[in-house]
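Biologist: I've got a model open on my screen and would like to talk it through. Could you take a few questions?

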Amino acid sequence: MSSVPPVIIMLVAAGLVALIPNLNARRFITVGAPLLVLGQLFWVLEDGSSWYLTWLSLELQPLRVDGLSLVFGYVFAIAATLGGIYAWHLNDRFQQSAALGYAGTSIGVVFAGDLLTLILFWELMALTSAYLIWAGGFPQSRAAGTRYLYVHMVGGSILLAGILWHLGTGGSLDFTIFEGSIAGWLVLGGFAINAAIVPLHAWLSDAYPEAGITGSVFLSAFTTKTAVYVLARGFAGWELLIFLGVIMALYGVVFAVLENESDRNAGSDDPS
């Protein structure tokens with residue numbers, strides 16, 4: 001199992017859940033698969049482990065283990081396990097399958113050592129998470145899920161353009177720190193949409209409330225956190241991220257204060 005990327009375990013589990021009609025078996029797989037991945041990360045995979053694959057003369061690296069990827073891998077595996085426990089009541093095998101696939105492709109992004117593997121799992125994340133919104137069951141779920149998918153298709157297209165520009169100008173296929181080139185800025189733009197960086201954040205509040213309870217739990221655990229990982233991996237040392245982080249923090253605080261004040265006034269019986 002040491003040479004198996006964790007994403008394969010999660011995707012196989014997602015496929016089994018979609019095919020198995022027995023609810024108890026699906027419950028066991030939904031919780032057991034991320035626990036298996038967590039055990040693999042703790043006791044099998046070590047810092048420096050890797051797995052290579054040749055495709056069309058390109059050497060891909062679907063598994064690259066280091067300190068940063070391990071930390072996020074632990075967090076994601078734990079989040080997927082807790083999400084599976086929280087979703088114990090769910091009797092929708094396709095929603096269970098999408099949740100496992102979503103968590104698995106997020107883990108796939110974390111351990112991707114090359115840019116083509118990264119974009120593959122990045123787009124699969126968008127598809128599986130959009131299904132969780134569509135399955136929410138609210139009147140606006142389908143429309144919100146479609147808008148969500150469109151936004152992330154735009155972000156994925158920008159990311160792909162940046163990757164192709166990077167490769168076309170002689171850049172390496174390895175997923176490492178980007179320079180301040182046009183390709184780097186395009187990749188940053190693609191990542192920024194998933195990170196919900198102001199002003200590219202409206203999709204989050206539009207889509208997440210329209211997912212079901214289980215879907216909302218999984219959505220809150222992976223998309224933006226995966227974006228944090230890729231920003232840390234690809235743009236470490238970029239001072240722009242400091243300013244963007246400050247803006248996001250202040251934006252959230254200001255609107256939280258305004259919302260609290262609005263709620264207090266709306267609930268007050270004092271005409272003054």
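Modeller: Sure, here are some questions and answers on the fold and the surface, keeping in mind that this is a predicted model.

Biologist: How many helices and strands does the protein have?

Modeller: Reading along the sequence, you go through α-α-β-β-α-α-α-α-α-α-α-α. Tallied up, the secondary structure of the protein is 10 helices and two strands.

Biologist: What is the radius of gyration of the protein, and how does it sit with the globule rule?

Modeller: The C-alpha trace spans about 70 × 50 × 30 Å along its principal axes. For 272 residues the globule rule gives 19 Å, and the protein comes close to that, so it is as compact as a globular protein of that length. Its radius of gyration is 20 Å.

Biologist: What share of the residues counts as buried?

Modeller: To count as buried, a residue needs under 20% relative accessible area. Of the 272 residues, the share that passes is 47%.

Biologist: And how much of the accessible surface belongs to carbon and sulfur atoms?

Modeller: The whole accessible surface comes to about 13,100 Å². The part belonging to carbon and sulfur atoms is 69%.

Biologist: Is Ile242 buried or exposed?

Modeller: Ile242 lies in helix α10, which covers residues 240-266. Exposed means over 50% relative accessible area. Ile242 has 57%, so it is exposed.

Biologist: Which residues form a nonpolar patch with Ile242?

Modeller: It's a surface patch, and together its members have about 420 Å² of accessible area. Joining Ile242 there are Phe243, Val246 and Leu250.

Notes: Residues are numbered from 1 along each chain as its sequence is written. This is a predicted model: local features need pLDDT of at least 70, side-chain atom pairs count only at pLDDT 80 or more; totals for chains, interfaces and linings use all residues. Side-chain values use heavy atoms; hydrogens and water are left out. Patches are made of residues with over 30% relative accessible area and no salt bridge: like charges are joined within 9 Å, nonpolar side chains (Val, Leu, Ile, Met, Phe, Trp, Tyr) within 5 Å. Accessible areas come from the Shrake-Rupley method with a 1.4 Å probe; for residues, only the protein chains shown count as cover. A salt bridge is a side-chain nitrogen of Lys or Arg within 4 Å of a carboxyl oxygen of Asp or Glu. Helices (H or I, at least four residues) and strands (E, at least two) are DSSP runs, numbered from the N terminus. Buried means under 20% relative accessible area, exposed over 50%, partly exposed in between (1.4 Å probe, protein chains only). The radius of gyration is taken over C-alpha atoms; the globule rule is 2.2 Å times the number of residues to the power 0.38.
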